[in-house]
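Here are a few notes to go with your first look at this one. Keep the viewer open and follow along as you read.

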Amino acid sequence: MKTQRPHLFAALLLYLLVAVLPAQAARVYFNKIYKGTGTAYAANSNDIDITSPLSGTSFAFTSENPNDALFSEVGNNTAGYITYLSGGTTVSVRGGISRRRKSGQNNQAFYFYGKDVNGLADGTAYLLMEPDDELTFPGNQNINTDGSGYLADLNAFLTAQAALPVITVSSVTVSEASPYAVVAISLTTTTTSLTFTPALASGTATVGTDTGASLEYFNGASWVSASGGIPLTAGATTVLVRASIVNDSSPEGLETFTLTTGLLTGGNVQNNGGAFGTVTIADDGSSANVFLANNNTSTPTSGTADSDGAPVNAVSGARTVDEDTALTFTAGNTLSVT
């Protein structure tokens with residue numbers, strides 16, 4: 001059973017949080033969220049239909065006000081963004097938390113409704129599950145929402161998470177001429193031990209084509225395979241992970257892929273669902289950053305700013321061009337001019 005949070009104790013912790021922490025955007029992390037199956041949800045919808053959890057990692061809700069150390073509300077609405085990584089793409093949904101789901105005095109989830117560019121409800125809604133109650137709703141059901149005040153529980157949830165460390169993954173830009181891309185995976189404390197198995201996700205760059213298919217990490221003496229998992233032991237805060245880069249002759253401009261930690265085991269951190277960083281491969285001459293095989297840091301050295309020219313858009317079917325149009329095609333394709 002989930003331990004109840006006395007509001008007096010929560011209020012004291014919230015006061016200390018405001019007094020000690022600098023201004024920053026309030027953020028809470030989730031491992032499991034649902035998107036409602038309906039299309040006409042509003043700020044005050046009494047229920048939400050759910051099927052299965054959203055596919056993705058690194059779910060978070062962040063206040064729209066960057067100066068909010070604690071969540072605040074205007075008209076029973078805490079404006080902010082849901083962000084998460086899905087299929088190598090970072091998804092951001094603007095909206096607000098306006099209701100919740102509870103059982104007795106136990107808060108189980110927060111109801112978030114989406115907003116359009118004008119700040120009006122766009123008909124979408126999400127259910128953000130508190131980690132202790134993730135197994136409460138298996139999906140394929142209708143969930144009632146509660147209009148009673150949610151803000152104290154949202155900030156108590158924030159306070160509880162704020163006492164835990166956070167894991168982060170750095171982002172980096174490299175030249176396509178770089179043999180590797182190296183990112184740093186870091187914890188904000190030295191007192192936690194955990195294990196994770198990182199993975200690559202394609203974006204505009206294709207994993208296995210524009211990159212190698214496997215990852216390595218630096219164990220303090222040499223680069224070794226990360227396939228069996230990477231330990232971050234107490235006393236250590238950072239581990240380096242690298243992916244190999246494929247330097248081909250195709251003009252590709254800027255391409256990106258992501259490196260994710262995957263789920264974390266053996267330790268308790270704010271974002272147990274993991275974190276991700278973005279690697280940008282520059283094939284347009286804009287970056288000379290390279291990581292050579294013997295670079296055991298997350299700082300690139302200066303090398304060749306690779307450029308294979310401007311990308312060529314693929315054309316199929318008939319197209320009308322004038323006499324000054326340059327036509328480029330690859331071997332194995334057919335070009336007919338009439």
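The points below go through a sheet, a helix and a single residue in this predicted model.

1. Start with the sheet. Four strands make it up, in the order β11-β20-β19-β14, and the sheet is open with mixed pairing. At its edges sit β11 (172–175) and β14 (199–202), each of which has a partner on one side only. Going from one strand to the next, the twist averages 30°.

2. Now zoom in on two neighbours in that sheet. Strand β19 (residues 253–260) and strand β20 (residues 276–283) run antiparallel, and eight bridges hold the pair together. If you want a spot to find by eye, look for T258, which stands opposite T278 in β20.

3. Next, a quick check on helix α2 (residues 151–162). With twelve residues at 1.5 Å a residue, the helix should span 16 Å, and the end C-alpha atoms are indeed 16 Å apart, so the two agree.

4. How covered is α2? Mostly: nine of its twelve residues are buried. Among them are L151, L154, F157 and L158, but polar residues such as D153, N155, T159 and Q161 are on the list too.

5. Last, have a look at N107, which lies in strand β7 (residues 106–115). Is N107 buried or exposed? Its relative accessible area is 1%, and the cut-off for buried is under 20%, so N107 counts as buried. The N107 side chain has polar company: one polar contact, of 2.8 Å, goes to the side chain of E130, and another, of 3.5 Å, goes to the side chain of R100.

Terms used:
Residues numbered from 1 in each chain as written. Predicted model: local features only at pLDDT ≥ 70, side-chain atom pairs only at ≥ 80, totals over all residues. Heavy atoms only, no water. Pairing = 2+ DSSP bridges. Helix = DSSP H or I, 4+ residues; strand = E, 2+ residues; numbered from the N terminus. Axes fitted to C-alpha atoms, helices over the stretch in contact; angles between N-to-C directions. Expected span 1.5 Å × (residues − 1). Buried < 20%, exposed > 50% of the residue type's maximum accessible area, 1.4 Å probe, protein only. Polar contact = N/O pair within 3.5 Å; in protein donor to acceptor, adjacent residues only side chain to side chain.
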